[in-house]
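Let's take a friendly walk through this model, from its sheets to its backbone oddities. Please keep the 3D view open as you read.

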Amino acid sequence: MTAKAPRVLISDALSPAAVQIFRDRGVDVDFQPDLGKDKDRLAAIIGDYDGLAIRSATKVTAKILENAKNLKVIGRAGIGVDNVDIPAASSRGVIVMNTPFGNSITTAEHAIALMFALAREIPAADASTQAGKWEKNRFMGVEITGKTLGVIGCGNIGAIVAERGVGLRMKVIAYDPFLSPERALDLGVEKVELDELLQRADFITLHTPLTDKTRNILSAEALAKAKKGVRIINCARGGLVDEAALRAALDSGHVAGAAFDVFVEEPAKDNVLFGHPNVVCTPHLGAATTEAQENVALQVAEQMSDYLLRGAIQNAVNFPSITAEEAPKLKPFIELAEKLGSFAGQLTETGLKSVHITYEGAVAGLKVKALTASAIAGLLRPMLQDVNVVSAPSIARERGVVIEETIREAEGEYDALITLSVTTDTQTRSVAGTVFAGGRPRIVAIKEIKVDAELAPSMLYVSNEDKPGFIGRFASILGEAGVNIATFALGRDRPGGSAIALVEVDGVVPEKAIAAVKDIAGVKQVKSLSFA
Ligand SMILES: NC(=O)c1ccc[n+]([C@@H]2O[C@H](COP(=O)([O-])OP(=O)(O)OC[C@H]3O[C@@H](n4cnc5c(N)ncnc54)[C@H](O)[C@@H]3O)[C@@H](O)[C@H]2O)c1
Ligand SMILES: O=C(O)CC[C@@H](O)C(=O)O
């Protein structure tokens with residue numbers, strides 16, 4: 001039987017190149033470029049799709065996600081993912097990926113274009129000339145050469161703008177707390193604090209994401225500190241500049257001009273900046289070139305197909321990246337991590353406090369974040385419904401569970417070992433496993449007692465005092481209950497000490513038989529486990 005092709009909905013105006021990529025890769029694609037504007041219709045049909053490819057018009061809200069019963073991945077053909085409710089997507093296990101570089105050059109070029117438009121009043125001069133006015137004396141511009149360009153946010157796009165600024169013989173200064181001195185040197189920019197940038201810049205260009213820290217980074221107070229006659233360009237996100245305060249600063253002449261591609265409210269139909277003679281506006285065109293749109297459309301279609309067809313994760317904002325080459329190597333360890341988590345989760349009866357996962361040997365070189373997420377998903381699944389590898393870490397964090405990882409060389413007899421220690425209100429329990437040849441995960445220690453067992457769909461776990469007679473009595477209880485024992489793994493810390501048994505059984509062990517096992521002298525805990 002051939003597997004059903006995954007279905008992807010494109011709900012914004014992506015380049016048709018994306019449609020072709022999906023088709024070539026064997027993904028069933030539905031291209032509805034205007035759907036993003038119709039949230040009710042989107043909510044009505046989203047349940048039919050495994051993937052959703054968007055630009056900025058589609059708003060993926062928690063409500064849309066509630067209806068997205070089959071959704072596995074959202075792909076943003078572009079950079080900003082502020083139109084996606086990431087926590088809601090994560091808690092539903094939906095991967096959200098973007099294309100961080102495909103439109104950077106284009107957007108940087110738009111910022112430079114707007115800088116020239118401001119410096120030489122090109123839009124107003126164009127309108128006047130085409131109106132037959134020939135106002136040669138009205139439009140007196142400023143030269144850019146030798147001026148100071150202040151870049152706020154020197155990441156992908158800011159760095160390209162900075163380099164172009166240096167090429168234009170400008171003095172470039174940058175404010176970005178995460179810009180290293182080495183990178184600043186490489187780019188030929190001077191790293192400064194925000195206040196210094198405000199005091200020195202003739203042009204300010206913004207290139208940060210919109211966060212709680214950057215919202216209104218150019219507030220009324222900041223604008224007041226800026227050099228008189230400054231010109232401001234925003235091609236990043238609406239909300240980085242206080243629009244009303246900027247209008248006041250333009251009206252007073254303190255700010256000489258502003259060029260905005262992005263606005264607090266979009267589509268911007270009626271903005272406080274509109275109508276000012278020294279303001280230039282474009283309708284969020286930063287990424288609007290044929291080249292950039294092809295780049296991001298191709299990239300998002302490739303990334304989404306890779307995930308849906310091969311499990312590879314690239315540029316996800318809510319999960320570590322896994323390449324198509326890594327995916328098959330990780331697979332058996334993901335299964336192992338999830339089973340170790342499930343083992344601990346099924347035995348956990350009191351509140352979880354912390355989880356410590358140690359990766360030893362070959363497994364330490366793999367994407368341990370993905371393995372940790374799998375272990376946490378396995379751990380939480382017996383307690384919570386609908387938890388998966390994407391949502392598990394955030395659910396655990398929300399519940400105050402501390403998650404720690406240790407990565408080290410192999411210390412014992414296994415080339416690769418994962419040890420999961422779970423601390424609850426009452427105890428710490430550890431379980432360790434490895435992957436044997438053929439990719440089969442096996443448990444090799446429980447509570448530091450050596451065992452060797454595969455985790456089968458139906459199992460019984462028993463911990464007891466190591467005393468003669470236990471095995472005979474145990475086997476006859478199961479025999480009397482008509483339960484067949486498939487495999488039997490035993491371990492103990494020392495003769496007469498603590499012992500454990502992991503027993504694979506065919507079918508379900510009746511409660512009565514479990515109660516009878518509990519009554520065997522020296523038995524401390526008996527639990528039916530399922531690893532379906
Ligand atoms: N207009 C458009 O069409 C368009 C197109 C693409 C990207 N964008 C937007 O451009 C912005 C930049 O994109 P990018 O790809 O360069 O992002 P990026 O993540 O590569 O760079 C952002 C930079 O901002 C810095 N930063 C973060 N917080 C800061 C703070 N408080 N103060 C100063 N700097 C801070 C970061 O250190 C980083 O270097 C984003 O908001 C993105 O959504 C707009
Ligand atoms: O898709 C667009 O046109 C805008 C893209 C831009 O805002 C981005 O963040 O990549």
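This report covers the sheets, a helix, the nonpolar cores and some unusual backbone geometry.

Please bear in mind throughout that the model is predicted.

**The six-stranded sheet**

Let's begin with an open sheet of 6 strands, ordered β14-β13-β15-β16-β17-β18, whose pairing is mixed. Its edges are formed by β14 (402–408) and β18 (449–454), each of which pairs on one side only. From one strand to the next, the twist averages 20°.

At one end of that order, β13 (residues 352–361) runs parallel to β14, and 7 bridges link the two. Two of the partnerships are easy to find on screen: Ser-354 is bridged to Val-402 in β14, and His-356 has Glu-404 in β14 as its bridge partner. Is β14 buried or in the open? None of its residues helps to bury it: the number buried is 0 of 7, so β14 lies largely in the open.

A helix also packs against this sheet. Helix α13 (residues 326–347) lies across β15 (416–424), β16 (428–436) and β17 (440–446), and its direction makes an angle of about 155° with β16.

**The four-stranded sheet and the ACT annotation**

Another open sheet has 4 strands in the order β20-β21-β19-β22, with antiparallel pairing. Here the edge strands are β20 (484–492) and β22 (523–530), each pairing on one side only. The twist in this sheet averages 15° from one strand to the next.

Strand β19 (residues 458–465) pairs with β22 in the antiparallel sense over 7 bridges, and Leu-460 stands opposite Ser-528 in β22. Helix α17 (residues 511–518) lies across β19 and β22, at about 150° to β22.

An unreviewed UniProt entry annotates residues 459–531 as "domain: ACT". Over residues 459–531, the chain is 26% helix and 45% strand, and the C-alpha atoms at the two ends are 8 Å apart.

**Helix α5**

How does the length of α5 compare with the expected value? Helix α5 (residues 104–120) has 17 residues and spans 25 Å from its first C-alpha to its last, close to the 24 Å expected at 1.5 Å a residue. Many positions to inspect here are buried, among them Ser-104, Thr-107, His-110, Ala-111, Leu-114 and Leu-118. An α-helix has 3.6 residues a turn, so residues three or four places apart point the same way.

**Nonpolar cores**

In soluble globular proteins, nonpolar side chains tend to be buried together. The largest nonpolar core in this model has 105 residues, and Ala-18, Ala-53, Val-94 and Ile-418 touch the most other members. Helix α14 (residues 368–380) gives the most to this core, contributing 9 residues. A second, separate core has 52 residues, including Leu-198, Ala-236, Val-241 and Leu-246.

Val-94 is a good residue to centre the view on. Leaving aside residues up to four places away in sequence, Val-94 touches Leu-65, Ala-68, Leu-71, Lys-72, Val-73, Ile-74, Ala-89 and Val-390.

**Unusual backbone geometry**

Most residues other than glycine have a negative phi, and most peptide bonds are trans. The table gathers residues that go the other way in phi.

| Residue | Phi |
|---|---|
| Glu-121 | about 50° |
| Trp-134 | near 45° |
| Glu-448 | about 65° |

Where do these residues sit? Glu-121 comes just after α5. Trp-134 lies in the loop between α6 (122–130) and β6 (148–152), and Trp-134 counts as exposed because there are 9 C-beta neighbours inside 10 Å. Glu-448 is placed in the loop between β17 and β18. With 13 other C-beta atoms within 10 Å, Glu-448 is partly exposed.

The peptide bond to look for is the one between Glu-266 and Pro-267, which is cis, with an omega of about -5°. Pro-267 is part of the loop between β11 (255–260) and β12 (279–281).

Conventions: Residues are numbered from 1 along each chain as its sequence is written. Chains are lettered from A and ligands numbered from 1 in the order in which they are written. This is a predicted model: local features need pLDDT of at least 70, side-chain atom pairs count only at pLDDT 80 or more; totals for chains, interfaces and linings use all residues. Two strands pair if DSSP finds at least two bridges between them. Axes are lines fitted to C-alpha atoms, for helices over the stretch in contact, and angles run from 0 to 180 degrees between N-to-C directions. Two residues are in contact if their C-beta atoms, placed from the backbone, lie within 7 Å. UniProt positions are given in the numbering used here, feature names are shortened, and annotations may be inferred rather than shown by experiment. The expected span of a helix is 1.5 Å times one less than its number of residues. A residue is buried if 20 or more other C-beta atoms lie within 10 Å of its own, exposed if 12 or fewer, and partly exposed in between; C-beta atoms are placed from the backbone. A nonpolar core is a set of buried Ala, Val, Leu, Ile, Met, Phe, Trp, Tyr and Cys residues joined through C-beta atoms within 7 Å.
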